[in-house]
Amino acid sequence: VLTVASLATASDASARGRALLDEELQTYVAMVARLRLIGLAPPADGLAAARDAASAAQQAGFRGLEASAMSRASVAELQTGDVDSALTHARLAVELADGQGTDDLSWPEIVRNGAAVLQQAGLADEARRIVARGVAWLHNVAEQHVPPEFRDSFLHRNAVNRELQRLAIRL
């Protein structure tokens with residue numbers, strides 16, 4: 001039996017839930033914006049921002065954005081000469097994302113970044129395995145989710161997808 005008191009309690013709970021969602025959404029969107037700006041910054045600044053973003057994403061429970069931040073950190077670390085950290089973050093990004101894109105980087109972009117770091121570190125076999133995993137994902141998505149009339153565009157006109165497939169040939 002619904003009472004005025006139970007309706008008021010439900011209404012209060014709903015309002016609190018909406019407020020939390022709004023707060024979390026604002027945090028999420030702000031984090032995506034921060035991540036996208038990292039690529040425009042000088043490497044040292046981008047690296048600091050990516051590491052901060054990875055920590056903030058982890059604390060907020062935004063696993064995908066954490067993977068994205070680690071991927072961006074790995075590229076910046078490579079540019080600044082910190083190959084060991086770049087390898088760690090590239091591998092973590094690939095494992096955290098695990099076939100999922102984020103609102104910042106797509107899965108193929110995370111794979112491409114990881115492969116670039118592994119190649120630069122002289123780990124061509126590991127880079128090949130990650131790229132093969134990414135290309136297999138591309139073809140599976142094309143087959144399972146992309147209408148036939150759009151597959152060519154998905155596989156060959158999307159710049160990152162095309163680049164990943166070319167990378168598979170070069171490795």
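Which element supplies the largest share of the lining of the largest pocket? Keep that in mind as we walk through this predicted model; the tour reaches the pocket after a look at the whole chain and its core.

**Stop 1: the whole chain**

Start with a cartoon view of the protein chain. You should find 8 helices and 0 strands, so color by element and follow the run from the N terminus, which reads α-α-α-α-α-α-α-α. The chain has 171 residues, and buried ones make up 37% of them. Switch to a surface next: about 9800 Å² is exposed, with carbon and sulfur atoms supplying 54% of that area. If you like contact maps, take the contacts between residues at least 6 apart in sequence; 61% of these join residues at least 24 apart.

**Stop 2: the nonpolar core**

Now hide the surface and show side chains. Select Leu-35, Leu-65, Ile-110, Val-131, Phe-154 and Leu-164, the residues with the most contacts inside the largest nonpolar core, a group of 43 residues. Two or more core residues come from each of helix H1 (4-38), helix H2 (43-60), helix H3 (63-79), helix H4 (83-97), helix H5 (107-120), helix H6 (124-145), helix H7 (148-157) and helix H8 (159-170). In soluble globular proteins, nonpolar side chains tend to be buried together.

Center on Phe-154 for a closer view. Beyond its neighbours within four places in sequence, Phe-154 is in contact with Leu-138, Val-141, Ala-142, Val-146 and Asn-161.

**Stop 3: a buried glutamate**

Move along to Glu-126, which sits in helix H6. Is this residue buried or exposed? Glu-126 counts as buried because its relative accessibility is 18%, and the cut-off for buried is under 20%. Add Arg-91 and Leu-118 to your selection: Glu-126 touches both of them, setting aside residues up to four places away in sequence.

**Stop 4: the largest pocket**

Finally, bring the surface back and look for the largest pocket, which holds about 200 Å³ of space. To find its centre, select Ile-38, Gly-39, Arg-72, Val-75 and Gln-79, the closest to that point of the 14 lining residues. Helices H2, H3 and H5 each give two or more residues to the lining. That brings us back to the opening question: H3 provides the largest share, with 4 residues. Color the lining by residue class to end the tour, and you will see 7 nonpolar, 4 polar and 3 charged residues.

Methods: Residues are numbered from 1 along each chain as its sequence is written. This is a predicted model: local features need pLDDT of at least 70, side-chain atom pairs count only at pLDDT 80 or more; totals for chains, interfaces and linings use all residues. Side-chain values use heavy atoms; hydrogens and water are left out. A nonpolar core is a set of buried Ala, Val, Leu, Ile, Met, Phe, Trp, Tyr and Cys residues joined through side-chain atoms within 4.5 Å. Buried means under 20% relative accessible area, exposed over 50%, partly exposed in between (1.4 Å probe, protein chains only). Contact means heavy atoms within 4.5 Å. On a 1 Å grid over the protein atoms alone, a cavity is a set of points where a 1.4 Å probe fits but cannot get out, and a pocket is an open set with protein on both sides within 12 Å along at least five of seven lines; lining residues have an atom within 4 Å of a point. Grid points are joined across faces, edges and corners, and a volume is the space filled by probe spheres set on the points. Ala, Val, Leu, Ile, Met, Phe, Trp, Tyr, Cys and Pro count as nonpolar, Asp, Glu, Lys and Arg as charged, and the others, Gly among them, as polar. Accessible areas come from the Shrake-Rupley method with a 1.4 Å probe; for residues, only the protein chains shown count as cover.
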